[in-house]
Structures are given as C-alpha cells and as structure tokens.
Amino acid sequence: MTSTPKRTQDSIIQMTELVLPNDTNTFGNLMGGRLMYWMDIAAALASMKHCSAPVVTASVDNISFENPIKLGNVVHIEAKVSRAFTTSMEVHLRVWGEDPVQQYRYKSNEAFMTFVALDPNGKSRSVPAIIPDTEDEKNLYEGALRRRQLRLILGGKMKPEDAEELKALFA
C-alpha cells in the first residue's frame, strides 16, 4: 500500500507545559526525565499526525541540556517529522524555556527520536514519505539518512562498512 507523501510542516506539534514544583530537582530546575517524557509525547503526536496510525518509540538520540528550565518557567516543545523511511519516522524536536515574568525565551535543547507506525495487529506498517519545503527542513531531511545509519550501527543492526552515507563523509 503506497500513500501520498506529506509536507513536513503538516506534522508539526507545539506543546506547552508549566514547570511546577513536582517537576523540579533540588536545584529548582526541570528534571531531565520529566522533559524527556514531554518530548516523547510531542514526538509521538507529530508522528501519529504524519502517518495517521498508532506509533511506538523506537529510539531516542542523544539529548544534551544546554540551559536549565527553572521552576515557574514555561516549556515550549516543537516536534515535526524530519524524514520518513519504510515504517519508521525520524522526529526532530526543539525545546525552549520561557521566563513569563522577565518575558524572554531561551533554547534548552534539541533532539531526534524515531517512531514506528503500527497496524491494527501491532505489526509495523508503511508510512507516507516526507516532502521538505524550507531550507531547514531540507537540511534535516538530508542528514536523516546518516543519523539513521548511525542509530542502526549503534543498535547492532548494521555493520559500519555497510553505512554508505556515513562513509561518504570521511572519504
């Protein structure tokens, strides 16, 4: 079954959360695990929006925390499908914190997650291709194959010598 390709921006999800005391560590910063939980929800929603099917998290790339988000600040998460493969989708996430009193926004982190679409029997199913429009979307799309090969190598599902896109970077 082939489906009609969809534009990247059609998968965009924007999620907003308020950092409450139960979300913070002893330093008054948002706990990393709570942020990853919110990011997983946003990425799942973006991938479900893209493929119109239930999805499961297949992998989470490195998440580096650039700036802490403090108690009482607002968390803004943007998630969008950066590339679709046969049954999986790479989702790009950007996270900002916002101080609502001082009225400024700051970058917290960014990450990539991979989701697999499921059919009614819980088996993987095909997903629509992605059509990137903006320069940023095109750059994310182009880099997705290399990131996928790296994920597969690290997960033991691909031999390094078979990663043609990655090898091309070093040749």
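This is a short chat about the core and the salt bridges of a predicted model.

Me: What counts in this model?
Reply: It is predicted: local features need pLDDT of at least 70, side-chain atom pairs count only at pLDDT 80 or more, and totals for chains, interfaces and linings use all residues. Residues are numbered from 1 along each chain as its sequence is written, and side-chain values use heavy atoms, without hydrogens and water.

Me: How many residues are in the largest nonpolar core?
Reply: That core has 32 residues, and Met 39, Val 75 and Phe 115 are among those with the most contacts inside it. A nonpolar core is a set of buried Ala, Val, Leu, Ile, Met, Phe, Trp, Tyr and Cys residues joined through side-chain atoms within 4.5 Å. Buried means under 20% relative accessible area, exposed over 50%, partly exposed in between (1.4 Å probe, protein chains only).

Me: Which element gives the most to this core?
Reply: H1, with eight residues. Helices (H or I, at least four residues) and strands (E, at least two) are DSSP runs, numbered from the N terminus.

Me: Now salt bridges. What is the count?
Reply: Ten. A salt bridge is a side-chain nitrogen of Lys or Arg within 4 Å of a carboxyl oxygen of Asp or Glu.

Me: How far apart are the closest N and O atoms of Arg 151 and Glu 90?
Reply: They are 2.5 Å apart. Arg 151 lies in helix H2 and Glu 90 in strand S5, so the salt bridge ties together parts 61 residues apart in sequence.

Me: Is Glu 90 buried or exposed?
Reply: Buried, at 0% relative accessibility. Arg 151 is also buried, at 16%.
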